[in-house]
Amino acid sequence: RTVYVNGDYVPEREAKISVFDRGFLFADGVYEVTSVLNGKLVDFAGHMRRLRRSLDELQMRMPCSEEELLQIHRKLVEVNAVAEGLVYMQITRGAADRDFTYPESATPTLVLFTQARPVIASPVAERGARVVTVEDLRWGRRDIKTVQLLYPSMAKMIAKGQGVDDAWLVQDGKITEGTSNNTYIVTADGTIVTRDLSHDILPGITRAAVLNCVRELQMKVEERAFSVEEALSAREAFSTSATGFVCPVVEIDGTVLGDGKPGPVARRLRQIYIEESL
Ligand code: PDD
């Protein structure tokens with residue numbers, strides 16, 4: 001596989017990053033994951049908008065122009081012949097002598113790589129995901145897409161240890177989001193409920209696209225926090241992310257939702273999202 005590091009396209013085994021890189025020492029960096037369908041990037045503009053915001057919040061600068069970032073994405077997709085999969089892009093503050101304060105002048109480190117893998121044909125989306133709830137112990141600025149992913153990894157391991165697919169994170173009795181996705185329930189009267197944007201969750205690019213679509217279809221939607229109890233009695237549930245698109249959820253903490261099969265709202269939104277992304 002060819003990867004991109006600070007201006008160079010190199011075989012992955014030759015790629016080098018400084019041991020003093022602040023991404024490595026302080027998780028001082030941000031990232032984006034853009035999915036690839038039929039060799040095309042899905043909603044690249046949306047990912048760029050969020051990237052700019054993440055960088056601004058951390059007083060970091062863009063390592064190059066957005067047009068250059070687009071060209072790097074395209075070139076990696078091409079040289080690695082990715083028909084379906086994703087592009088991972090990471091920008092860290094760069095290398096500097098270890099110090100808690102940000103260095104005055106560090107050159108940002110820019111790294112990109114691809115992962116080829118099926119995204120449309122997903123066994124979990126077919127059967128519906130089973131999730132458990134886990135306390136949300138992440139920091140207070142989850143709206144910034146930082147590379148600080150240890151707690152989401154731990155939560156996912158807890159889910160794996162319990163033989164299920166993912167964890168939904170809970171703060172003060174309300175679901176914030178999944179380990180790497182935004183979460184939704186459909187109430188008895190058919191209203192789609194998803195947590196409102198704040199520092200508590202990541203503003204998902206897929207979330208924005210799906211909510212647009214839901215509004216165009218004039219489906220009922222409420223952006224507000226929902227409790228674990230409300231989720232357990234929901235008619236159906238689902239999650240969204242660049243890598244999972246719309247993924248139905250059929251079981252929460254051992255409670256089966258509806259008839260235990262992916263619900264009609266989730267299935268419909270998944271199909272529409274995929275069609276519009278192709
Ligand atoms: N994760 N919430 C969290 C905590 C996430 O990490 C992600 C994405 C999302 C969904 O955002 P989007 O729709 O823009 O992908 C929500 C990516 C896919 C990852 O870390 O691999």
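This is a walk through one protein chain, from its overall build to a few single residues.

Keep in mind from the start that the model is predicted. The chain holds 8 helices and 15 strands. Its radius of gyration is 19 Å, close to the 19 Å that the globule rule gives for 278 residues, so the chain is as compact as a globular protein of that length. If you draw a box around the C-alpha atoms along the principal axes, the box comes to roughly 55 × 40 × 35 Å. Of the 278 residues, 38% are buried. Take the contacts in the chain with a separation of 6 or more: 70% of them join residues that are 24 or more positions apart.

Next, look at how the chain is divided. The domain assignment gives domain 1, residues 2-116, and domain 2, residues 123-277. Their centres, taken over C-alpha atoms, are separated by 26 Å. Where they meet, 20 residues of domain 1 are in contact with 12 residues of domain 2. On the domain 1 side, strand 3 (29-37), helix 2 (44-57) and strand 5 (85-92) each supply at least two residues. Strand 3 has the largest share of that side, with 8 residues. By class, the side of domain 1 that touches domain 2 has 8 nonpolar, 8 polar and 4 charged residues.

Now let us turn to the inside. In soluble globular proteins, nonpolar side chains tend to be buried together. Here the largest nonpolar core has 51 residues, and Ile-185 and Ala-237 touch the most other members. Strand 14 (residues 245-252) gives the largest share of this core, 6 residues. Where does the core lie with respect to domain 1 and domain 2? Both domains give residues to the core, so it lies between them. To see one of its well-connected members, find Ala-237: leaving aside neighbours within four places in sequence, Ala-237 is in contact with Tyr-184, Ile-185, Ala-231, Val-249, Ile-252 and Leu-257.

Strand 14 is also home to Cys-247. Is Cys-247 buried or exposed? With 24 other C-beta atoms within 10 Å, Cys-247 is buried, because the cut-off for a buried residue is 20 or more. Cys-247 and Ala-125 are 122 residues apart along the chain, yet their C-alpha atoms are separated by 5.1 Å. Beyond its neighbours within four places in sequence, the contacts of Cys-247 are Val-124, Ala-125, Ala-129, Phe-238 and Ser-239.

Another place to visit is the ligand. Of the 14 residues around the ligand, Leu-202, Gly-204, Ile-205, Thr-206 and Ala-242 come nearest. Helix 6 (205-216) and strand 13 (236-241) each supply at least two residues of this shell, and helix 6 gives the most, with 3 residues. The shell divides into 4 nonpolar, 8 polar and 2 charged residues.

Finally, two loop residues deserve a look at their backbone angles. Gln-218 is in the loop between helix 6 and strand 12 (221-223), and has a positive phi of about 55 degrees although it is not a glycine. Gln-218 is exposed, with 7 other C-beta atoms within 10 Å. Asp-253, found in the loop between strand 14 and strand 15 (255-256), has a positive phi of about 50 degrees and is not a glycine either. With 15 other C-beta atoms within 10 Å, Asp-253 is partly exposed.

Terms used:
Residues are numbered from 1 along each chain as its sequence is written. This is a predicted model: local features need pLDDT of at least 70, side-chain atom pairs count only at pLDDT 80 or more; totals for chains, interfaces and linings use all residues. A nonpolar core is a set of buried Ala, Val, Leu, Ile, Met, Phe, Trp, Tyr and Cys residues joined through C-beta atoms within 7 Å. A residue is buried if 20 or more other C-beta atoms lie within 10 Å of its own, exposed if 12 or fewer, and partly exposed in between; C-beta atoms are placed from the backbone. Helices (H or I, at least four residues) and strands (E, at least two) are DSSP runs, numbered from the N terminus. Domain bounds come from an automatic or database domain assignment. Two residues are in contact if their C-beta atoms, placed from the backbone, lie within 7 Å. A residue is near a molecule or strand if its C-beta atom, placed from the backbone, lies within 6 Å of it. Ala, Val, Leu, Ile, Met, Phe, Trp, Tyr, Cys and Pro count as nonpolar, Asp, Glu, Lys and Arg as charged, and the others, Gly among them, as polar. The radius of gyration is taken over C-alpha atoms; the globule rule is 2.2 Å times the number of residues to the power 0.38.
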